[in-house]
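The following exercises are to be worked through with the sequence and the model at hand. Each task is followed by a solution in steps.

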Amino acid sequence: MTTAAVRALGALAHRAAHPPSGTACVCPPPVTLADRADGTVVRSGQVVAKAHAPGTPVPDLLTRIALADHPRLAGILLAPLRPRPVALHGRAVTLWPHGEPVDADDPDAAPWAEAAVLLAGLHRTPPPPSLALPPMRGPAKAALAVARMRAARPGDPATAPVLAAWRRLPAWARDEAPPPARRSRFLCHGDLHLGQLVRHPAPHGPWTLIDVDDAGLGDPAWDLARPAAWYAAGLLPSDIWRCFLDAYRAAGGPAAPAEGDPWPELDVPARALTVQSAALAYAKSAAQGRAVDEVERTMIDACVRIASLPTELAAGDSS
């Protein structure tokens with residue numbers, strides 16, 4: 001966003017956090033927490049204002065906000081401060097309570113088990129019949145990442161393994177067809193990573209999930225796909241992966257069987273997240289004029305292996 005738009009977003013958050021009282025305000029100025037193409041987030045006191053991506057469909061956003069505000073999801077999804085967005089500089093803006101994020105400097109304290117329990121609770125919750133929920137946007141985000149890579153590096157032979165891995169995915173994972181019917185009617189977050197958890201009330205309240213921009217109905221395995229992909233690529237230690245998966249299973253999550261090999265259910269979403277990560281690595285490195293870093297290279301190299309696998313694992317196969 002422009003400097004003026006970010007300033008206006010901060011002023012909106014400030015007004016929501018500090019209603020007029022007739023006395024001079026001495027609180028610190030608003031702080032920009034994120035400013036990306038897919039959203040700008042500014043905090044003032046205990047209020048966070050988020051300007052959603054340009055072109056965000058407002059009807060879908062309204063439904064997703066209503067989902068976060070629904071009593072069935074209390075304690076799982078952070079509820080908004082207001083049920084409707086406002087328009088600001090051509091963007092839809094929503095207001096949320098501030099929560100304490102995961103401490104990036106203390107990876108040993110990352111709430112993997114807590115995230116798994118929250119996901120299981122989300123996936124087990126029956127979709128509220130009053131809400132006409134859109135599909136969760138996981139496959140759409142993967143397709144957008146590949147399109148972004150193609151635009152950033154047209155004809156670059158280095159992207160061939162990523163595109164080959166993309167072509168090996170089934171059509172539903174490329175956002176070209178609906179997911180399998182038996183897996184398509186679960187409440188899903190759509191973009192699970194540790195940045196999507198906060199403690200509320202801050203700083204010591206329970207963990208809750210934030211950011212419902214990609215939430216909707218779909219395959220719950222997609223919400224496990226990022227840690228599964230990291231584990232398969234060697235970026236997530238096996239003990240952390242087991243902690244996450246065991247906590248999810250113990251909480252009754254439907255994305256993986258309660259016992260046995262989870263990979264027949266998790267394999268396709270994990271592959272798709274690997275391709276998405278690799279595609280974004282190529283797109284971002286091109287935009288920034290740099291080489292891919294070590295972590296990005298790991299995900300790109302994983303695409304070489306994915307390209308050699310069958311389209312989908314059968315039960316009893318391993319990833």
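**Exercise 1. Backbone at single residues**

His 89 lies in the loop between E4 and E5. Helices (H or I, at least four residues) and strands (E, at least two) are DSSP runs numbered from the N terminus. This is a predicted model in which local features need pLDDT of at least 70 and side-chain atom pairs count only at pLDDT 80 or more, while totals for chains, interfaces and linings use all residues. Residues are numbered from 1 along each chain as its sequence is written, and side-chain values use heavy atoms, with hydrogens and water left out.

Task: State the phi of His 89 and of Asp 175, and locate the cis peptide bonds that precede Pro 201 and Pro 203.

Solution.
- Step 1. His 89 is not a glycine, yet its phi is positive, at about 50 degrees.
- Step 2. Asp 175, in the loop between H5 and E7, is likewise not a glycine and has a positive phi of about 65 degrees. Its relative accessible area is 45%, so Asp 175 is partly exposed (buried means under 20% relative accessible area, exposed over 50%, partly exposed in between, with a 1.4 Å probe and protein chains only).
- Step 3. The bond from His 200 to Pro 201 is cis, with omega near 0 degrees. A cis peptide bond also joins Ala 202 and Pro 203, with omega about 0 degrees. Pro 201 is found in the loop between E8 and strand E9 (207-209), and Pro 203 is placed in the loop between E8 and E9.

**Exercise 2. The five-stranded sheet**

Task: Give the strand order of the open sheet of five strands, and identify the helix that packs on the sheet.

Solution.
- Step 1. The order is E1-E2-E3-E5-E4, with antiparallel pairing (two strands pair if DSSP finds at least two bridges between them).
- Step 2. Strand E1 (31-36) and strand E4 (86-88) are the edge strands, each pairing on one side only. From one strand to the next, the twist averages 25 degrees.
- Step 3. Helix H1 (residues 3-17) packs on this sheet and touches E1, E2, E3, E4 and strand E5 (91-97), its direction making about 45 degrees with that of E2. Contact means heavy atoms within 4.5 Å. Axes are lines fitted to C-alpha atoms, for helices over the stretch in contact, and angles run from 0 to 180 degrees between N-to-C directions.
- Step 4. Strand E2 (residues 39-44) and strand E3 (residues 47-52) run antiparallel and are joined by six bridges. Ser 44 has Val 47 in E3 as its bridge partner.

**Exercise 3. The three-stranded sheet and Gln 196**

Task: Describe the open sheet of three strands, then determine the environment of Gln 196.

Solution.
- Step 1. The strand order is E6-E8-E9, and the pairing is antiparallel. The edge strands are strand E6 (100-101) and E9, each of which pairs on one side only.
- Step 2. Three bridges join E8 to E9, and Leu 209 in E9 is the bridge partner of Leu 197. Helix H3 (residues 112-124) lies across E8 and E9, at about 50 degrees to E9.
- Step 3. Gln 196 is found in the loop between strand E7 (186-188) and strand E8 (197-199). With a relative accessible area of 4%, Gln 196 is buried. Not counting residues up to four places away in sequence, Gln 196 touches His 189, Asp 191, Thr 208, Leu 209, Ile 210 and Asp 211.

**Exercise 4. Helix packing**

Task: Characterise the packing of H4 with H5, and the surroundings of Thr 274 and Val 292.

Solution.
- Step 1. Helix H4 (residues 138-152) and helix H5 (residues 160-167) pack at an angle of about 150 degrees, with their axes 11 Å apart. The two helices H4 and H5 are therefore roughly antiparallel (over 145 degrees; under 35 is roughly parallel, 65 to 115 roughly perpendicular and the rest oblique).
- Step 2. In H4, Ala 142, Ala 143, Val 146, Met 149 and Arg 150 meet Val 162, Leu 163 and Trp 166 of H5. The residues of this contact of H4 with H5 divide into seven nonpolar, no polar and one charged (Ala, Val, Leu, Ile, Met, Phe, Trp, Tyr, Cys and Pro count as nonpolar, Asp, Glu, Lys and Arg as charged, and the others, Gly among them, as polar).
- Step 3. Thr 274, in helix H8 (residues 263-288), is buried at a relative accessible area of 5%. Leaving aside neighbours within four places in sequence, Thr 274 is in contact with Ala 229, Met 299, Ala 302, Cys 303 and Ile 306.
- Step 4. Val 292 is found in the loop between H8 and helix H9 (294-306) and counts as buried at 19% relative accessibility. Its contacts, with neighbours within four places in sequence left aside, are Ala 281, Tyr 282, Ser 285, Arg 297 and Ile 300. The C-alpha atoms of Val 292 and Tyr 282 are separated by 6.9 Å, the two residues being ten apart along the chain.
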